[in-house]
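Let's take a relaxed walk through this structure, one piece at a time. Keep the 3D view open while you read.

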There are 2 protein chains.
Amino acid sequence: MPDTVQLIPLPGLPLIRPGDDLAELIAAASQKAGLILNNTDIVVVAQKIVSKAEGRFVRLSEVTPSAEALALAAITGKPAEQVEVILWDTAEIVRAQKELLIAQHKLGFVSANAGVDHSNVSDEPGVLLRLPADPDASARAIRRRLAELTGAAPPTLIIDSHGRAWRFGTVGVAIGVSGLAPVQDLRGVADLFGEPLRHTDVGFTDQIAAAASLLMGQAAEGCPVVIVRGLPFTLNEQAKAADALRPKHLDVFR
Amino acid sequence: MPDTVQLIPLPGLPLIRPGDDLAELIAAASQKAGLILNNTDIVVVAQKIVSKAEGRFVRLSEVTPSAEALALAAITGKPAEQVEVILWDTAEIVRAQKELLIAQHKLGFVSANAGVDHSNVSDEPGVLLRLPADPDASARAIRRRLAELTGAAPPTLIIDSHGRAWRFGTVGVAIGVSGLAPVQDLRGVADLFGEPLRHTDVGFTDQIAAAASLLMGQAAEGCPVVIVRGLPFTLNEQAKAADALRPKHLDVFR
């Protein structure tokens, strides 16, 4: 029987600006809240504040749309400048139709608008926010710095919200990981009756992302960091977020 | 800032058999564990024990495969009797290839094998377990009976694990709901800068399912009921699990 797991919203973070040291802000907020981070915690960070700290803003007024962007803008009804920024980060357009642009990001995952966002981005209109250039590296950097500052190196996830095939509603997914394998392979674990389990690969970090996302949900509340406490895990320092991605030849839905 | 959310694995449930009164077992186990259920909790129940309590077992030896089952068995490499049971519950085959059969269940959702399961089912080999006939009704019945037994009527979810397009790893999803709307519409909520949020529909009950699924994960541990405590919600007595399902004409991935 597992123990109770706590999802702890980290209070007291300021609005994040380019150049901010997120780990320092997280460490300070944790200390102020009396939360002593430890190696059995998991730190879950919303992509948006990572992108902001990394200065991934783009002003639409400074973007010149390509011919491809103009064509996709005509199909989707999205501003051509916005489509152009989406294309910067796109490996392949998966679906384009009225009000819908689903792309495979250069980082590998499939999502709406290649993760380019325009809500909660800035008090200046016409500003977009791209995903971190290398979310695994962002997660590693936050974790390493947390270790310097606090002595603890809890596994760290950078998460985003993705729409899904078949079902309405976005759910949290891990786009950057440090210390945790995205997929837990239960193959070989005996089931209740001693039969080997066949239903096997569990989306471990995506489920953690979904859980944390429940608390981050309402943007107006501004809760971009959640500490997950009490969830058992096995450290994996080699894992990367892309381990969760189906290669195209194994994906029957592209 | 939201409060800390607890995911509490309910200890002390016995192996479930056909005819068991799940709500009675949950109420008894809660009481024994000193957990006083209340209206602000959410009770998350693994589909498997609901199906077992409802006696949704099928013996492969008693199944005669149809011509369609034989054809799909040849394509997928799955036993024809198993495919036949899957077809009983299938509205439409979405993909069939070697070792893969993705179907739209008659309940509406798309998943592998129409949810027909063969691990953790029985100590007798060759037994399959179908999903509950009406998971929303199952959730309602458990909740109503919990109210009779405990005086509290916490919203109740029946959850399963589904594979996904694009990403490896199954994640928890709600296939039956009582009291909670699957999709939370954040449209109109102001963002941090007062702009209306456009990234809108959140998969609320699926995220709760994913969170609970983290604790149920390892089947051998036998933790089929998780209490979610401290998560704010708005009661919705009209909602049904199918509210999360994209109708085919709005689904570009079928």
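Start with helix 1 of chain A: its buried residues pack against strand 2 (41–46), helix 2 (47–53), helix 5 (135–150) and strand 12 (225–229) of chain A. Helices (H or I, at least four residues) and strands (E, at least two) are DSSP runs, numbered from the N terminus.

Before going on, some ground rules: this is a predicted model, where local features need pLDDT of at least 70 and side-chain atom pairs count only at pLDDT 80 or more, while totals for chains, interfaces and linings use all residues. Residues are numbered from 1 along each chain as its sequence is written, and chains are lettered from A and ligands numbered from 1 in the order in which they are written.

**Back to helix 1**

Which residues of helix 1 (residues 22–32) of chain A are buried? They are L22(A), A23(A), I26(A) and S30(A). Looking down the axis of helix 1 of chain A, you'd find these buried residues within an arc of 95°, so they line one face of the helix. That arc is the one of the directions from the helix axis to the C-beta atoms. "Buried" means that 20 or more other C-beta atoms lie within 10 Å of a residue's own; 12 or fewer makes it exposed, anything in between is partly exposed, and the C-beta atoms are placed from the backbone. Just after helix 1 of chain A comes G34(A), with a positive phi of about 75°.

**Chain A as a whole**

Chain A has 6 helices and 12 strands. Its radius of gyration is 19 Å, close to the 18 Å that the globule rule gives for 254 residues, so chain A is as compact as a globular protein of that length. (The radius is taken over C-alpha atoms, and the rule is 2.2 Å times the number of residues to the power 0.38.) Of those 254 residues, 51% count as buried.

Chain A is split into domain 1 (6–54 + 132–248) and domain 2 (58–127), with bounds from an automatic or database domain assignment. Taken over C-alpha atoms, the centres of domain 1 and domain 2 of chain A are 25 Å apart. Each side brings 9 residues to the contact; two residues are in contact if their C-beta atoms, placed from the backbone, lie within 7 Å.

**Three residues to find**

| Residue | Place in chain A | Other C-beta atoms within 10 Å |
|---|---|---|
| V228(A) | strand 12 | 25, buried |
| E99(A) | loop between strand 4 (90–97) and strand 5 (100–105) | 8, exposed |
| A114(A) | loop between strand 6 (110–112) and strand 7 (127–129) | 25, buried |

V228(A) and D41(A) are 187 residues apart along the chain, yet their C-alpha atoms are separated by 5.7 Å. Most residues other than glycine have a negative phi. E99(A) has a positive one near 65°, and A114(A) has a positive one near 50°.

**Over to chain B**

How many residues of strand 8 (residues 156–162) of chain B are buried? The count is 7 of its 7. On one side sit T156(B), I158(B), D160(B) and H162(B), and on the other L157(B), I159(B) and S161(B).

Strand 8 of chain B pairs with strand 2 (residues 41–46) of chain B in the parallel sense over 4 bridges, and V45(B) stands opposite I158(B). Strand 8 of chain B also runs antiparallel to strand 9 (residues 171–178) of chain B, joined by 7 bridges; there, D160(B) has V173(B) as its bridge partner. Strands count as paired if DSSP finds at least two bridges between them.
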